[in-house]
Amino acid sequence: MAPTPAPGRRHRVHVISDVHGNARDLATAGAGADALICLGDLVLFLDYADHSRGIFPDLFGVENAHRIVALRTERRFTEAREFGARLWAGIGEDRATVIETAVRRQYAELFAAFPTPTYATYGNVDIPPLWPEYAGPGTTVLDGERTEIGGWTFGFVGGGLRTPMHTPYEIDDEEYAAKIEAVGEVDVLCTHIPPEVPELVYDTVARRFERGSRALLDAIRRTRPRYALFGHVHQPLVRRMRIGATECVNVGHFAEAGRPWALEW
């Protein structure tokens, strides 16, 4: 674990994840804190709680959103992809261009709402190449990197692992493990996805195990950070647990709750 900082004033950061288009609450998420940390998933493609919200229903309507959510929830991923392909075939425009245009609209609003300073990493539904166009001077984007806040060292690893959902920023296990290794020993390890622990990766509403990282779990056990913070699983079976010396916390589904999780030291 990183050395204990010298005594001084108290520090407070607010941590959020899975913003999914909630620009209204994002605008006040940093109030009263020294910094805001965002663990990704800014984009709202499809809201599983409210099927009328997101890029998908805007393009294809709510009934089709109901249908694709049902297929995915039932883990009928092949049928879901075939259904989606038929819908996209009827658009008559390049799929990538249509999605990028919609994502750009969301990013313009969301990045404008970030307070200064904000430290952010990517979620699995984000599109990293677009971020430099929207991240202002008060927003620091980190992925496989570390920074210091208030005398503590924070490490950041963004993105998700490969799944049948084929979301935009999914990477191979080996690439993800290399980013974890690059971060090394830190006080606070910030990732989008959780460590591979059944209680932390099971979503009680979607009724499925999301993908967590074994490399992240191994790093937590080996390097013993004070905290491991993450999101990704919107309704986890367990939001908080200790792994050895480390407090592991799912900071919450910000799109729904609209409240940050606070870390003070």
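User: What share of the contacts in the protein chain with a separation of 6 or more comes from residues 24 or more positions apart?

Analyst: This is a predicted model, and what follows is computed from it. Contacts here are heavy atoms within 4.5 Å. Among those in the protein chain with a separation of 6 or more, the part contributed by residues 24 or more positions apart is 58%.

User: How many helices and strands are there in the protein chain, and what is its radius of gyration?

Analyst: The protein chain holds 10 helices and 15 strands. For 265 residues the globule rule gives 18 Å, and the value for this chain is close to that, so the chain is as compact as a globular protein of that length. The C-alpha trace spans about 60 × 35 × 30 Å along its principal axes, and the radius of gyration is 18 Å.

User: Which strands stand at the edges of the open sheet of six strands?

Analyst: The open sheet has mixed pairing and follows the order β5-β6-β9-β12-β14-β13. A strand at the edge has a single partner strand, so one side of it is left without a neighbour in the sheet. From one strand to the next the twist averages 20°, and the strands at the edges are β5 and β13.

User: Which helix packs on the sheet, touching β5, β6 and β9?

Analyst: The strands touched include β6 (152–157) and β9 (188–191), along with β5. The direction of the helix makes about 170° with that of β6. The helix that packs there is α7.

User: Which residue in β14 stands opposite Met 241?

Analyst: Strand β13 covers residues 240–243, and four bridges join β13 to strand β14 (residues 246–250), the two running antiparallel. Opposite Met 241, the residue in β14 is Cys 248.

User: Which side chains of strand β15 point to one face and are buried?

Analyst: Strand β15 (residues 261–264) has side chains that alternate, with Ala 262 and Glu 264 pointing to the face where they are not buried. Four bridges join β15 to strand β1 (residues 12–16), which runs antiparallel to it, and Arg 12 stands opposite Glu 264. The side chains that point to the other face and are buried belong to Trp 261 and Leu 263.

User: Why does the salt bridge between Asp 143 and Lys 179 tie together parts that are apart in sequence, and how many residues separate them?

Analyst: The side chains of Asp 143 and Lys 179 meet at 2.9 Å, N to O. Asp 143 lies in the loop between β4 (139–141) and β5 (145–149), whereas Lys 179 lies in helix α7 (residues 173–183), so the pair ties together separate parts of the sequence. Asp 143 is buried at a relative accessible area of 18%, and Lys 179 also counts as buried at 11%. The separation in sequence is 36 residues.

User: Which residue in helix α9 meets Glu 181 in a salt bridge?

Analyst: Glu 181 counts as exposed, at 55% relative accessibility, and lies in helix α7. Its partner is in helix α9 (residues 214–223), 41 residues apart, so that the pair links distant parts of the chain. The side chains meet at 3.4 Å, N to O, and the partner of Glu 181 is Arg 222.

User: Is Arg 24, which meets Asp 25 in a salt bridge, buried or exposed?

Analyst: The side chains of Asp 25 and Arg 24 meet at 3.4 Å, N to O. Asp 25 is buried, with a relative accessible area of 18%. Exposed means over 50%, and because Arg 24 has a relative accessible area of 68%, Arg 24 is exposed.

Terms used:
Residues numbered from 1 in each chain as written. Predicted model: local features only at pLDDT ≥ 70, side-chain atom pairs only at ≥ 80, totals over all residues. Heavy atoms only, no water. Salt bridge = Lys/Arg side-chain N within 4 Å of Asp/Glu carboxyl O. Buried < 20%, exposed > 50% of the residue type's maximum accessible area, 1.4 Å probe, protein only. Pairing = 2+ DSSP bridges. Axes fitted to C-alpha atoms, helices over the stretch in contact; angles between N-to-C directions. Rg over C-alpha atoms; globule rule 2.2 N^0.38 Å.
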